[in-house]
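Trainee: I would like a close look at a single part of this chain. Please take me through one strand and its surroundings, step by step.

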Amino acid sequence: MDEAYDVIYRHALANKDGAVAFGTTTGNLYVSDDGGEGWTAVANNLPPIYSVRFA
């Protein structure tokens with residue numbers, strides 16, 4: 001997939017040590033370990049994601 005269009009809330013985005021994660025209002029969770037150059041879908045079809053944090 002080259003492009004994706006989705007909606008995220010401000011609190012549904014987190015970064016730590018070069019890793020970035022965000023969740024969408026349609027229940028998708030994405031993570032990047034290269035500062036956003038490439039993305040991996042971690043989960044799909046969850047309830048809307050309002051907040052994301054690294055532990």
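Mentor: Start with the two faces of strand β3. One face is covered and carries Tyr 30 and Ser 32. The other is uncovered and carries Leu 29 and Val 31. There is a general pattern behind this. In a regular strand, side chains alternate between the two faces of the sheet. Keep in mind that this is a predicted model.

Now place the strand. β3 spans residues 29–32. The chain has four strands and zero helices. Read from the N terminus, the elements run β-β-β-β. The four strands form an open sheet in the order β1-β2-β3-β4, with antiparallel pairing. Its edge strands are β1 (13–16) and β4 (40–43), and each of these pairs on one side only. On average, neighbouring strands in this sheet are turned by 20 degrees against each other, direction ignored. What holds strands together in a sheet? Strands pair through backbone hydrogen bonds, either parallel or antiparallel.

Take the pairing of β3 on each side. Toward β2, there are four bridges, in the antiparallel sense. Phe 22 of β2 stands opposite Tyr 30 in β3. Toward β4, three bridges join the strands, again antiparallel. Here Val 31 has Thr 40 of β4 as its bridge partner. So look at Tyr 30 and Val 31 together: Tyr 30 is on the covered face and Val 31 on the uncovered one.

How are β2 and β3 connected? They form a hairpin, with five residues between them. Gly 27 sits in the turn and has a positive phi of about 85 degrees.

Next, the end of β3. Ser 32 lies in this strand. Is Ser 32 buried or exposed? Its relative accessible area is 1%, so Ser 32 counts as buried, the cut-off being under 20%. What does its side chain touch? A polar contact of 2.7 Å joins the side chains of Ser 32 and Asp 34. The side chain of Ser 32 also reaches the backbone nitrogen of Gly 36, at 2.9 Å. Then look further along the sequence. Leaving aside neighbours within four places, Ser 32 is in contact with Gly 18, Ala 19, Val 20, Glu 37, Gly 38 and Trp 39.

Step across to β2, which spans residues 19–23. Gly 23 is found in this strand. Its relative accessible area is 0%, so Gly 23 is buried. Again leave aside neighbours within four places in sequence. Gly 23 is then in contact with Ile 8, Ala 12, Asn 28, Leu 29, Ile 49 and Val 52. One of these, Leu 29, is on the uncovered face of β3. There is also a distance to note. The C-alpha atoms of Gly 23 and Asp 6 are separated by 9.5 Å, with the two residues 17 apart along the chain.

On its other side, β2 meets β1. Four bridges join β1 to β2, and these strands run antiparallel. Leu 13 stands opposite Phe 22 in β2. Phe 22 also stands opposite Tyr 30 in β3. Follow these partners on the model: from Leu 13 to Phe 22, then from Phe 22 to Tyr 30.

Two backbone angles deserve a look. Most residues other than glycine have a negative phi. Asp 17 is not a glycine, yet its phi is positive, at about 50 degrees. Asp 17 is in the loop between β1 and β2. With 79% relative accessibility, Asp 17 counts as exposed. Asn 45 also has a positive phi, near 65 degrees. Asn 45 is in the segment after β4. Its relative accessible area is 72%, so Asn 45 is exposed.

Finally, step back to the whole chain. Buried residues make up 25% of its 55 residues. Ser 32 is buried, and so is Gly 23. Residues 24 or more positions apart account for 27% of the contacts with a separation of 6 or more. The accessible surface comes to about 4200 Å², and 52% of it belongs to carbon and sulfur atoms. The C-alpha atoms fill a box of roughly 30 × 25 × 15 Å along the principal axes. Why can the chain be compared with a compact globule? For 55 residues, such a globule would have a radius of gyration near 10 Å, and the chain has 10 Å, which agrees.

Conventions:
Residues numbered from 1 in each chain as written. Predicted model: local features only at pLDDT ≥ 70, side-chain atom pairs only at ≥ 80, totals over all residues. Heavy atoms only, no water. Rg over C-alpha atoms; globule rule 2.2 N^0.38 Å. Buried < 20%, exposed > 50% of the residue type's maximum accessible area, 1.4 Å probe, protein only. Contact = heavy atoms within 4.5 Å. Areas by Shrake-Rupley, 256 points an atom, 1.4 Å probe, with all protein chains shown as cover. Polar contact = N/O pair within 3.5 Å; in protein donor to acceptor, adjacent residues only side chain to side chain. Pairing = 2+ DSSP bridges. Axes fitted to C-alpha atoms, helices over the stretch in contact; angles between N-to-C directions.
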